[in-house]
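I sat down with this one to see what its aromatic side chains are up to. Notes below, in the order I looked things up.

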Amino acid sequence: MGFMFIFIAIIFFSLGILSKRNPTWGWRANEAWKIKGDSEPSDAYIDDMKFRGSVSILFGFFFLTCGLLVIFL
């Protein structure tokens, strides 16, 4: 069970770091098809993705802590 928590933590860390470093990586697939013509993501979208990345990293720390507690206690 503890190793599953650590695996989930690694996934959250990876997605969080990806969202923090490159917040526009999934914009074309998720949002661009809704807009007619050529456009770029807004500043609000970029800030939102960076915030979501931070939250994902926090969830990663939570799952890592839970996994280590289950393994060592």
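I started with Phe13: its relative accessibility is 19%, so I log Phe13 as buried, the cut-off being under 20%. Note to self: this is a predicted model.

Next I looked for ring pairs. My search of the whole structure turned up five aromatic pairs. I pulled up Phe12 and Phe59, a tilted pair with 5.8 Å centre to centre and 40° between the planes. Phe12 sits in helix 1 and Phe59 in helix 3, 47 residues apart, so this pair links distant parts of the chain. Both partners are partly exposed: Phe12 comes out at 26% relative accessibility, Phe59 at 43%.

Back to Phe13, which pairs edge-to-face with Phe61, at 5.1 Å centre to centre and 85° between the planes. Phe13 is in helix 1 and Phe61 in helix 3, so here too parts 48 residues apart in sequence get tied together. Phe61 is partly exposed, at 45%.

Then I checked how the rings connect. Ring pairs join Phe5, Phe12, Phe59, Phe62 and Phe63 into a cluster.

I took a look at Phe63, which is in helix 3 (residues 43-72). At 18% relative accessibility I file Phe63 as buried. Leaving out residues up to four places away in sequence, Phe63 touches Phe5, Ile6, Ile8, Ala9 and Phe12. From Phe63 to Phe12 I get 8.7 Å, C-alpha to C-alpha, across 51 residues of sequence.

Last, the surface. Met4, Phe7, Ile11, Leu15, Leu18 and Trp25 make a nonpolar patch of about 590 Å². I looked up Phe7 from that patch: it lies in helix 1 (residues 2-21) and is partly exposed at 49% relative accessibility.

Key. Residues are numbered from 1 along each chain as its sequence is written. This is a predicted model: local features need pLDDT of at least 70, side-chain atom pairs count only at pLDDT 80 or more; totals for chains, interfaces and linings use all residues. Side-chain values use heavy atoms; hydrogens and water are left out. Patches are made of residues with over 30% relative accessible area and no salt bridge: like charges are joined within 9 Å, nonpolar side chains (Val, Leu, Ile, Met, Phe, Trp, Tyr) within 5 Å. Accessible areas come from the Shrake-Rupley method with a 1.4 Å probe; for residues, only the protein chains shown count as cover. A salt bridge is a side-chain nitrogen of Lys or Arg within 4 Å of a carboxyl oxygen of Asp or Glu. Helices (H or I, at least four residues) and strands (E, at least two) are DSSP runs, numbered from the N terminus. Buried means under 20% relative accessible area, exposed over 50%, partly exposed in between (1.4 Å probe, protein chains only). Contact means heavy atoms within 4.5 Å. Rings of Phe, Tyr and Trp (its six-membered ring) pair if their centres lie within 6.5 Å; planes under 30 degrees apart count as stacked, over 60 as edge-to-face and the rest as tilted.
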